[in-house]
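Here is a walk through how some helices pack against one another, and where a bit of empty space is left between them. Keep the structure open and follow along.

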Amino acid sequence: MLPRWSRAAIRLYKLGSQNNMELRRDFCFVANRSYEKVAVAANDSAEKDFSTKPEVQLNKMFWTKPCSLDLPQGSPLRVEEPKYEGIRHIIFKLLLFYSKESKSIRGANVVYRRIVSQVDKPAIYNGFGVFNMEKTFKTTFSLLVLHMWLYLRRLKEDGKEGVEFGQYLYEIYNHDVELRVSKAGVNLLLTRWMKDLEKIFYGNIVAYDAAMLPEAKYDELPNVIWRNIFSDDGLSKPNDAAMGAVQAMARYARRECSCLSLTDKESILSGNFMFSSLENPRYDDHVRG
């Protein structure tokens, strides 16, 4: 893929006219617009004042009926494929901008930003959130893996196309995790760290899948979530206070699985969906649900 884009950049440079200078600006705009629009949701959440939030009622959360997560037409958070005409369309087509591979890469980038936006929401963490978790590398990585699993599980419903798309997403995830590890101050033995994190990723995926099997006990998913996300050593048992958060997250995960299954293929592959809100619901909302 990279050699193709390198050749394309050279061809653009040689064109040299004012029109093609404008085309380059358009190209850069397209490359960045997905991130900018998706980031709106994260920024809105971060700027909210949570100081007046009522006490979290964990036992009343994530009981509502599952529904599609797709963003409606006209939503400012949607990311649409650019539609060029004339010479611009021809040049972008020659650059393979409209190829299946290029579309998948763009879609995977949008999807990953949706996942990161959900994982970074203040509503999860200490002082703000429903799960009252300390925001550390361990917790954010564990939640990142959980949401990757939710999405990859949904992709299985789309057969070979879903598997291929999942590979693009995994490559983006892997690159992001490497950056996160470096940012955390780990520069020596980075390769070893990445191999260990890869083992954790696949181990968690297998455990979550097993917990969702029809024959699995109902408490298996909460147990896996406790070991993978909440527990420091993976061995201790949660106390009553922690168990409420663990069970709520298990309900959230089950509900998101159902919601993603109800979300249409186009929205799933383009990233035009939004994970469920993590806001503390009012009691009357729970009763109506």
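Helix 4 and helix 6 cross in a right-handed way, and that's a good place to start in this predicted model. Two packed helices can be described by the angle between their axes and the distance between those axes. Here, the axes of helix 4 (residues 100–119) and helix 6 come within 9 Å and cross at roughly 50 degrees. That angle is why helix 4 counts as oblique to helix 6.

Now look at who touches whom. On the helix 4 side, the residues in contact include Ser 104, Ile 105, Gly 107, Ala 108, Val 111, Tyr 112 and Ile 115. They face a set from helix 6 that includes Phe 165, Tyr 168, Leu 169, Ile 172 and Tyr 173. Charged residues join in too, among them Lys 100 and Glu 101 from helix 4 and Asp 176 and Arg 180 from helix 6. Sorted by class, this contact has eleven nonpolar, three polar and five charged residues.

Stay with helix 6 (residues 159–183) and turn to helix 7 (residues 190–211): their axes come within 11 Å and cross at roughly 130 degrees. Helix 6 and helix 7 are therefore oblique to each other, and their crossing is right-handed. From helix 6, the contact takes in Tyr 170, Tyr 173, Asn 174, Val 177, Glu 178, Val 181 and Ser 182. Helix 7 brings Leu 190, Trp 193, Met 194, Leu 197, Glu 198, Phe 201 and Tyr 202. By class, that makes ten nonpolar, two polar and two charged residues. Notice Tyr 173: this residue of helix 6 is part of the contact with helix 7 and also of the contact with helix 4.

So where is the empty space? Rolling a probe the size of a water molecule over the atoms shows where such space is left. Searching the whole structure turns up one cavity of 30 Å³ or more, and the largest cavity holds about 30 Å³. Its lining is made of Tyr 170, Tyr 173, Asn 174, Val 177, Met 194, Leu 197, Glu 198 and Phe 201. Helix 6 and helix 7 each supply at least two of these lining residues. Six residues of the lining are nonpolar, one is polar and one is charged.

One more pair to visit: helix 5 (residues 137–155) and helix 9 (residues 240–262). Their axes come within 9 Å and cross at roughly 30 degrees, and helix 5 and helix 9 are therefore roughly parallel to each other. Helix 5 passes helix 9 in a right-handed crossing. Among the residues that meet are Leu 143, Leu 146, Trp 149 and Leu 150 from helix 5, and Met 249, Tyr 252, Ala 253 and Leu 260 from helix 9. This contact divides into ten nonpolar, two polar and three charged residues.

Methods. Residues are numbered from 1 along each chain as its sequence is written. This is a predicted model: local features need pLDDT of at least 70, side-chain atom pairs count only at pLDDT 80 or more; totals for chains, interfaces and linings use all residues. Side-chain values use heavy atoms; hydrogens and water are left out. Axes are lines fitted to C-alpha atoms, for helices over the stretch in contact, and angles run from 0 to 180 degrees between N-to-C directions. Helices (H or I, at least four residues) and strands (E, at least two) are DSSP runs, numbered from the N terminus. Angles under 35 degrees count as roughly parallel, over 145 as roughly antiparallel, 65 to 115 as roughly perpendicular and the rest as oblique. A crossing is left-handed if the near helix is turned anticlockwise from the far one by less than a right angle, and right-handed if clockwise. Contact means heavy atoms within 4.5 Å. Ala, Val, Leu, Ile, Met, Phe, Trp, Tyr, Cys and Pro count as nonpolar, Asp, Glu, Lys and Arg as charged, and the others, Gly among them, as polar. On a 1 Å grid over the protein atoms alone, a cavity is a set of points where a 1.4 Å probe fits but cannot get out, and a pocket is an open set with protein on both sides within 12 Å along at least five of seven lines; lining residues have an atom within 4 Å of a point. Grid points are joined across faces, edges and corners, and a volume is the space filled by probe spheres set on the points.
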